[in-house]
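Student: I have a model open and would like to walk through it. Can you take my questions as they come?

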Protein chains: 2
Amino acid sequence: MRWDEIENQPCSIARSLSVVGDRWTLLVLRECFLGVRRFEEFREHLGMARHRLSDRLGRLVEEGVLRKEPYQDKPLRHEYRLTDKGKDLYPVMLSLVRWGDHWMDRGKGPPVVYRHNPCGHMTTPVMVCSECGEALTARDVTPMAGPGLRRGDKRLHRYNTA
Amino acid sequence: MRWDEIENQPCSIARSLSVVGDRWTLLVLRECFLGVRRFEEFREHLGMARHRLSDRLGRLVEEGVLRKEPYQDKPLRHEYRLTDKGKDLYPVMLSLVRWGDHWMDRGKGPPVVYRHNPCGHMTTPVMVCSECGEALTARDVTPMAGPGLRRGDKRLHRYNTA
DNA sequence: TTGACTAGTTCCAAAATGGAACCTACTCTG
DNA sequence: CAGAGTAGGTTCCATTTTGGAACTAGTCAA
């Protein structure tokens, strides 16, 4: 399967990865969440090739994750800002941060810690059930065929039917 | 920056991505969470080139995300199972699922829905603060330099100091 | 002894990436 | 007004990564 085909899979993970699943995109978005908006600043922080960055930003705009806003004329220049769709990737960032902090810290503790301003505490993000608030583990969750699954797809995976 | 250098960044996102940030790895892990364990079954579900799958599984074993367990001798055959480190990637999966369900569903609703067995409800995963239980948004969270950040790195990003 | 099954590896072409140089449209400084 | 500087790209080319198909290895079963 080629990469440009994966977005057609009836799977939200595959579809999400078709947008953010390459080498650089999530790092570009990390910078967005840290407040970076301009081409040169992305490039300096990330150390990636200019045309690669150009591609990635363009793709993210196409996908509606970022939008281009002019910040000057003469010459016309744009900055890149997160849309709502982009901001909604924050939990993806946090889940990667959490895992990296725990398993990839080389015994030195997390490089960055996070304060949750409303409650004032240093926070560790936790993924919980929207209904009961308990932390979610794979063992306790059963995937089942949903409305967006075409009939023929069901055999492809092992989803239970509701 | 080349890909094999990103794991050295003082950033948990970069470090996580050095393990799971390529085209296929998270899809391989999706299959793991669905109960797939054997080479041929991964290949059939994913439709990826055999040697690519071989690489990825090998890398995941190296990184301690999967472990190889023999399931027969003559000829010796192994299956691949999630370690604790691997199981702990479940929130990463869920966060991608959540985003894809919401923004990439093509108006047809999610292809797969999830039941949280302990509470019996269909669940939507939410990322919350470990301390107060409120949902986390980028605006409400302030990143600050942590113990794993080397002194010289601080200027590289915009982290506040604690 | 032929075929099937599982899990690979090898070879090669195609695609993605990285690095450096170049381009464009300004502005600023002397 | 010439020359340097700035921001945001694009072009060219070598290197790396991927995808596809064919081949191998060990074992069983007919």
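**Strands, copies and DNA**

Tutor: Let us start with one pair: A:Ala145 has B:Val112, in β3(B), as its bridge partner. Keep in mind that this is a predicted model.

Student: How many bridges join β6(A) to β3(B), and which way do they run?

Tutor: There are 5 bridges between β6(A) and strand β3 of chain B, residues 112-116, and the two run antiparallel.

Student: What is the strand order in that sheet?

Tutor: The order is β6(A)-β3(B)-β4(B), an open sheet of 3 strands with antiparallel pairing. Its edge strands are β6 (141-145) of chain A and β4 (121-122) of chain B, each of which pairs on one side only.

Student: And β3(A), which strand of chain B is it joined to?

Tutor: β3(A) is joined to strand β6 of chain B, residues 141-145, by 5 bridges, and these strands run antiparallel. Within that pairing, A:His116 stands opposite B:Val141.

Student: Which strand of chain A does β3(A) pair with?

Tutor: That is β4(A), residues 121-122, paired in the antiparallel sense over 2 bridges. A:Arg115 has A:Met122 as its bridge partner there. The hairpin of β3(A) and β4(A) has 4 residues between the strands, and A:Gly120 takes a positive phi near 85° in it.

Student: Which side chains of strand β3 of chain A are buried?

Tutor: A:Val112, A:Tyr114 and A:His116 are buried and point to one face. A:Val113 and A:Arg115 point to the other face and are not buried. As background, side chains in a regular strand alternate between the two faces of the sheet.

Student: Changing topic. How is chain B laid on chain A?

Tutor: A turn of 180° with a shift of 0.0 Å along the axis lays chain B on chain A, with an RMSD of 0.0 Å. The two copies are thus related as by a two-fold rotation axis.

Student: Which residue of chain B comes closest to the rotation axis?

Tutor: B:Met127, whose C-alpha is 2.2 Å from the axis.

Student: Why do the copies meet through the same surface?

Tutor: Because 100% of the interface residues of chain B are also interface residues in chain A.

Student: Now the helices. Why is α2 of chain A largely enclosed by the rest of the structure?

Tutor: It is described that way because 9 of the 9 residues of helix α2, residues 25-33 of chain A, are buried. "Buried" here means under 20% relative accessible area, computed on protein chains only. The buried residues of α2(A) include A:Arg30 and A:Glu31, along with A:Leu26, A:Leu27 and A:Phe33. Just after α2(A), A:Gly35 takes a positive phi of about 100°.

Student: On to the DNA. Which residues are closest to strand D?

Tutor: DNA strand D is surrounded by 23 residues, the closest being A:Met1, A:Arg50, A:Tyr71, A:Arg77 and B:Trp24. Of the atoms of this strand that come within 4 Å of the protein, sugar and phosphate account for 57%.

Student: What lies at the phosphate oxygens of strand D?

Tutor: Three contacts are worth listing. A backbone N or O atom of A:Met1 lies 2.8 Å from a phosphate oxygen of DNA strand D. For a polar side-chain atom of A:Ser54 the distance to a phosphate oxygen of this strand is 3.0 Å. An N or O atom in the side chain of A:Tyr71 is 2.7 Å from a phosphate oxygen of DNA strand D.

Student: Which element gives the largest share of the surface near strand D?

Tutor: α4(B), with 4 residues. The residues of that surface divide into 12 charged, 7 nonpolar and 4 polar.

Student: And which residues come nearest to strand C?

Tutor: A:Trp24, B:Met1, B:Arg50, B:Tyr71 and B:Arg77, out of 19 residues around DNA strand C. α4(A) gives the most to the surface near this strand, with 4 residues. By class, that surface has 10 charged, 6 nonpolar and 3 polar residues.

Student: What does B:Arg50 lie 2.8 Å from?

Tutor: A base nitrogen of DNA strand C, reached by a polar side-chain atom of B:Arg50. B:Tyr71 has a side-chain N or O atom 2.6 Å from a phosphate oxygen of DNA strand C. From chain A, a backbone N or O atom of A:Lys74 lies 3.5 Å from a sugar or linking oxygen of DNA strand C.

Notes:
Residues numbered from 1 in each chain as written. Chains lettered and ligands numbered in written order. Predicted model: local features only at pLDDT ≥ 70, side-chain atom pairs only at ≥ 80, totals over all residues. Heavy atoms only, no water. Buried < 20%, exposed > 50% of the residue type's maximum accessible area, 1.4 Å probe, protein only. Near = heavy atom within 4 Å. Polar contact = N/O pair within 3.5 Å; in protein donor to acceptor, adjacent residues only side chain to side chain. Nonpolar A, V, L, I, M, F, W, Y, C, P; charged D, E, K, R; others polar. Least-squares fit on C-alpha atoms with pLDDT ≥ 70 in both. Contact = heavy atoms within 4.5 Å. Pairing = 2+ DSSP bridges.
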